[in-house]
Amino acid sequence: MKIVVIGAGMGGMTAAARLSRGGHEVVLYEASDQVGGKCRTEWIGKVAFDTGPSLLTLPAVYKDFFQRTGKPMGFVCPIESVNPSFDYRFADGSNVKFANLSRKETLDSITQSFGSESAAQWDRIMKRAERMWDVSRGPFIESELKSPISLMKRFTFLRDMKIIAPWKTLRVHADEILKDQRLRYIMDRYATYSGSDPRKAPAVLSTIAFVEESFGAWHVKGGLGQLTATVYQRALDVGVKFHLESPVSAINTAGKKVTGVTLFDGTVVEADAVVANADASLVYNKLITGNKRELKKARKNIEKADVSVAGFSLLLGMRKDPDQVLNHHTILFPENYDAEFDAIFSDGKPVEKPTIYICAPQDPAMSKDETLEGWFVLVNAPTHGQFDWSDKEFARNYANTIIDQIEARGISVRDRLESLTVRTPADLEAAVLAPGGAIYGTSSNGARAAFMRAKNRSPIKGLYLVGGSAHPGGGLPLVGISGDLVTEAIGYEKNARH
């Protein structure tokens, strides 16, 4: 088959490489001059920053990709454990460090910081998360999710629903088990991994905590952009033809079937199948025009779904201070976490006192000067559209309030600052065509959110969707899985024809 892939994000590239390896003729068109979508490492002066994903979880997804396409991951893209995985700091001055790949060490750390009862609470919620993961990974993550009815046909449906408890939100679930508010804040944060509000997101998102603990938090030497570069090279090696700076203006159809694409320069490219690694709202509302009856439900789902959070980030070039070395991942929680979700999801305004995430990799390969290091600082934010992020003066002033709050927590910034770069949701929208700068497309707010997310097989025959706005969702592991699901779906269609 001749297959066109739209977009060189990680979902698009992994699908393209596997399809090409399987014998198809694969051509990929990317609007920008770079590959990787949001997953990139950027150099500013003498230091590098992971400006998209800043850690890799479920590395088996990419190990499987490399194995299936010709050469093991360890030979071309070695990864290293991040330990401690996270340093959580709270407004009352307390803190706790979570160990990588060791619940015992994490529980010991919680005991030391908050007491044995708090550790027992965390152990209970993690054991429940493990059971949730066991019953949800197959139908909700590693398979195409077609409809609630398809799940109800499973013979273990009633047992599974009791474990997953889809009627509970993550907040309700955490409140039942975690009596220590600091642990509830940590659990709330896993909703933001999918750009969601813990007061609306399903309890099953607690499985992210289990996955992170059990399969580890990993760093790629030189930055996560090295994973992008290696996946790109593997796609080239197996025969994928890339065309950068080649935006697609339309997906062409005849009746209920895709026929190819039209590029912005007017070139028509015919194809047997099209894989769209673009936001689903762009695919269904901009690239396919007209009142197509087949797309009515998909368009309605996109319209009804809550948009995910966006991100406001600071890229800080810092002089190293041996007396103040941050862990790879540091999270500064505010006194009132709910105020953050109210500001973003209810008011559509920047958060006055947000949770602050600082990524400070101790990676010599990410600095060309041994006296300098890069800190990537991220806070959750409303999308560009909910709030007008085009005001550069406001963005600069907001950045300074974030720095003030970091310094108020005892972390010196200004007396070590070499460079400051500000990135708003409007910048992300312009860079990777993410509507409003939404990091994950749509959120997981609500029990039906998973079913409202775009399916991997579209209602148009021969059109498939991968990436963060498609099933199973955003984040490096899930977009890689979406590439696997589309590869298998196309293989199934091909075999069915013959």
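## The three-stranded sheet

I251 stands opposite V261 in strand 11. These two residues belong to a pairing of strand 10 with strand 11 (residues 257-263), antiparallel and joined by six bridges. Two strands count as paired if DSSP finds at least two bridges between them. Strands here are DSSP runs of E with at least two residues and helices are runs of H or I with at least four, both numbered from the N terminus.

A quick word on the source: this is a predicted model, in which local features need pLDDT of at least 70 and side-chain atom pairs count only at pLDDT 80 or more, while totals for chains, interfaces and linings use all residues. Residues are numbered from 1 along each chain as its sequence is written, and side-chain values use heavy atoms, with hydrogens and water left out.

Back to the sheet: strands 10, 11 and 12 form an open sheet in the order 10-11-12, with antiparallel pairing. Strand 10 (248-254) and strand 12 (268-270) each have a single partner strand, so one side of each edge strand has no neighbour in the sheet. On average, neighbouring strands are turned by 30° against each other, direction ignored.

## The five-stranded sheet

Another open sheet has five strands in the order 9-2-1-13-19, and its pairing is parallel. Its edges are strand 9 (241-243) and strand 19 (463-465), each pairing on one side only. Here the average turn between neighbouring strands is 20°, direction ignored.

At one end of that order, strand 13 (residues 273-276) pairs with strand 19 in the parallel sense over three bridges. Within this pair, A276 stands opposite L465 of strand 19. Helix 1 packs on the sheet and touches strand 1 (2-6), strand 2 (25-29), strand 9 and strand 13, its direction making about 160° with that of strand 2. Touching, or contact, means heavy atoms within 4.5 Å.

## Helix 1 against helix 2

What angle do helix 1 and helix 2 make where they pack? Helix 1 (residues 10-21) and helix 2 (residues 60-68) pack at about 30°, with axes 10 Å apart. That makes the two helices roughly parallel, a label for angles under 35 degrees (over 145 is roughly antiparallel, 65 to 115 roughly perpendicular, and the rest oblique). Axes are lines fitted to C-alpha atoms, for helices over the stretch in contact, and angles run from 0 to 180 degrees between N-to-C directions.

M10, T14, A17, R18 and R21 of helix 1 meet Y62, F65 and R68 of helix 2. This contact divides into four nonpolar, one polar and three charged residues.

Technical notes:
Ala, Val, Leu, Ile, Met, Phe, Trp, Tyr, Cys and Pro count as nonpolar, Asp, Glu, Lys and Arg as charged, and the others, Gly among them, as polar.
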